[in-house]
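The following exercises ask the reader to examine a protein model step by step. Please inspect the sequence and the structure before reading each solution.

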Amino acid sequence: MKKLISEIIVGDRHRKDMGNLSSLADSIADLGLLQPIGIAPDNTLIFGERRLRACRDVLGLAEIEVRVIDMPSIVVGENAENEVRKDFTPSERVAIARAIADELGDRRGVNQHTPEEERQNFATPENRSTDFAAKKAGFGNRETFRQAEAVTVRAAPELVEAMDTGKVSIFAAHKALRETPERQVEVARTGRSIADQERRNDEDRRRQAMSEPLEVKIQTVTEAAISLAHCGISPEEYKRRAPRLTYQRFQRSAIGALAFLKALTEVENDQERTG
């Protein structure tokens, strides 16, 4: 159904960075609104704030396609739960889970303004409210919900979209949160995890190095050894401060480097003994 945008209530939202709304608006103008926004029966926005803002602020539309989400029905109905799992994207299901948790909280005297730790103390007959809400919103467990929520709130909009379309898994998108926004966009663009990209980049560099003239290879090895010897950082500090993926990448490369240095040292020792 369509709803006047002016009637939709946008409360306090987690996401502050709306990303590039112009490109989203261009897509809506060309293809239409492929996925309606979600609202509660009282017109409170549940999900789709970027779509709402693109239609309202960029395209200047007065109406927008909406889908009314009946939280009480989802809380009590197995069929409604299955529909949520089938029809909604991960970021939308995150918003639905939070709305379900608020619905449960309202029944127990807490609401969206109650601290998270206090809210989670209110239990359903089977699980805590967060576990229950995660299940009803179509997540297999609370950990998957936690990962999807972190991506929805903190990731670059491009990475959220890649997770929603299935191009990047929830797990891979969550791992990419450790990277810069630029790197997150690269994950979204390629559909590959950071680790996969690093391995491919290392392989490309290895192939390029193999094709270099011998003199260039010697110079590269020498400069690498000099850089390592005068890097100005202790191994302990490097291990403590380096990002985990960077450290793992160094470890993979160090194995080959150590083998090279060991062989180089043995050659030098043999020459000293025979000299």
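The exercises below concern a predicted model and proceed from its overall make-up to its sheet, one helix and its cores.

**Exercise 1. Overall make-up**

Determine how many helices and strands the protein has, and what percentage of its residues is buried.

Solution. Begin with the secondary structure: there are 15 helices and four strands. Next, consider burial, where a residue counts as buried if its relative accessible area is under 20%. By this criterion, 36% of the 275 residues are buried. Then turn to the surface: about 16,800 Å² is exposed, and 53% of this area comes from carbon and sulfur atoms. Finally, examine the contacts between residues at least 6 apart in sequence: 63% of them link residues at least 24 apart.

**Exercise 2. The sheet**

State the order of the strands in the sheet, and identify which strands are at its edges.

Solution. First, trace the strands across the open sheet; their order is β1-β4-β2-β3, with mixed pairing. Second, look for strands that pair on one side only: these are β1 (2-4) and β3 (45-47), the edge strands. Third, note the twist, which averages 55° from one strand to the next. Fourth, take one pair in detail: β2 (residues 37-39) and β4 (residues 63-68) are parallel and share three bridges. Within β4, V68 is the bridge partner of I39.

**Exercise 3. A helix across the sheet**

Describe where helix α2 lies, and list its buried residues.

Solution. Locate α2 at residues 49-58; the helix lies across β2, β3 and β4. Its direction makes an angle of about 115° with β3. The buried residues of α2 are then found to be E49, R51, L52, A54 and C55. Just after the helix, G60 has a positive phi of about 70°.

**Exercise 4. The nonpolar cores**

Which residues touch the most other members of the largest nonpolar core, and which helix gives the most to this core?

Solution. Start from a general tendency: in soluble globular proteins, nonpolar side chains tend to be buried together. In this model, the largest nonpolar core has 39 residues, of which I46, M71, I96, I100, F139 and L159 touch the most other members. Next, consider the elements that each supply at least two residues of this core; among them are β3, α3 (71-76), α8 (142-154) and α11 (181-190). The greatest contribution comes from α5, with eight residues. Lastly, a second, separate core has 15 residues, including I8, L21, L24 and I39. The residue I39 thus appears again, having been met in Exercise 2 as the bridge partner of V68.

Terms used. Residues are numbered from 1 along each chain as its sequence is written. This is a predicted model: local features need pLDDT of at least 70, side-chain atom pairs count only at pLDDT 80 or more; totals for chains, interfaces and linings use all residues. Side-chain values use heavy atoms; hydrogens and water are left out. Two strands pair if DSSP finds at least two bridges between them. Axes are lines fitted to C-alpha atoms, for helices over the stretch in contact, and angles run from 0 to 180 degrees between N-to-C directions. Contact means heavy atoms within 4.5 Å. Buried means under 20% relative accessible area, exposed over 50%, partly exposed in between (1.4 Å probe, protein chains only). A nonpolar core is a set of buried Ala, Val, Leu, Ile, Met, Phe, Trp, Tyr and Cys residues joined through side-chain atoms within 4.5 Å. Accessible areas come from the Shrake-Rupley method with a 1.4 Å probe; for residues, only the protein chains shown count as cover.
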